[in-house]
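Subject: Handover of a structure

Dear colleague,

Please find below the structure that I am handing over to you. My notes on what was found in it follow directly after.

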Amino acid sequence: QVQLVESGGGLVQAGDSLTLSCAASGRTFSRSGLGWFRQALGQEREFVAAITWGAVTYYADSVKGRFTISRDNAKNTVYLQMNSLKPEDTAVYYCAAALGALGSRYNDARTYTNWGQGTQVTVSS
């Protein structure tokens, strides 16, 4: 089991940068695929980015080139660096962990077995 706690959310202006962190506990972190999802008010949860245990990364088209996912296995932490933020990036951001490999369904929330509580990111125009 992996337990996840996000931090780093807040209120920023369009064009600003923000880095989210997700601290994990559990012995299987280094072998877990990790992802970031977000859910805007009244909308479904959507995939943002994922990183395999081998550090292969995937991104949603909407954030490609602006967001960077990374992991530090020594610190049991996964990060989401967000640059050039837009008002449409406003959402609650969740980190998630999958037991083992992500496979081709890295962008499917059902692939992930453990979720954090979420952190709010608000981007004003």
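Strands β7 and β8 run antiparallel to each other and are paired over six bridges. One of these pairings places serine 70 opposite tyrosine 79, its bridge partner in β8. The two strands form a hairpin, with four residues between them. Within that turn, asparagine 76 has a positive phi of about 50°. Please bear in mind that this is a predicted model.

The side chains of β7 deserve your attention, as they alternate along the strand. Phe67, Ile69 and Arg71 point to one face and are buried. Thr68, Ser70 and Asp72 point to the other face and are not buried.

On its other side, which strand does β8 pair with? Strand β3, which covers residues 18–25, pairs with β8, residues 77–82, in the antiparallel sense, again over six bridges. Here alanine 23 stands opposite threonine 77 of β8.

These strands belong to an open sheet of four, in the order β1-β3-β8-β7, with antiparallel pairing. At its edges lie β1 (3–7) and β7 (67–72), each of which pairs on one side only. From one strand to the next, the twist averages 15°.

A further residue to examine is asparagine 114, which is found in strand β10 (residues 114–115). Is asparagine 114 buried or exposed? Its relative accessibility is 10%, and residues under 20% count as buried, so asparagine 114 is buried. The side chain of asparagine 114 is also joined to that of threonine 113 by a polar contact of 2.8 Å.

Turning to the whole chain, the secondary structure consists of eleven strands and zero helices. The radius of gyration is 13 Å, close to the 14 Å that the globule rule gives for 125 residues, so the chain is as compact as a globular protein of that length. Along the principal axes, the C-alpha atoms fill a box of roughly 40 × 25 × 25 Å.

Of the 125 residues, 42% count as buried. The accessible surface comes to about 6400 Å², and 48% of it belongs to carbon and sulfur atoms. Finally, among contacts with a separation of 6 or more, 59% are between residues 24 or more positions apart in the chain.

Yours sincerely,
A colleague

Technical notes
Residues are numbered from 1 along each chain as its sequence is written. This is a predicted model: local features need pLDDT of at least 70, side-chain atom pairs count only at pLDDT 80 or more; totals for chains, interfaces and linings use all residues. Side-chain values use heavy atoms; hydrogens and water are left out. Two strands pair if DSSP finds at least two bridges between them. Axes are lines fitted to C-alpha atoms, for helices over the stretch in contact, and angles run from 0 to 180 degrees between N-to-C directions. Buried means under 20% relative accessible area, exposed over 50%, partly exposed in between (1.4 Å probe, protein chains only). A polar contact is a pair of N or O atoms within 3.5 Å; within protein, one must be able to donate a hydrogen and the other to accept it, and residues adjacent in sequence count only if both atoms are side-chain atoms. The radius of gyration is taken over C-alpha atoms; the globule rule is 2.2 Å times the number of residues to the power 0.38. Contact means heavy atoms within 4.5 Å. Accessible areas come from the Shrake-Rupley method with a 1.4 Å probe; for residues, only the protein chains shown count as cover.
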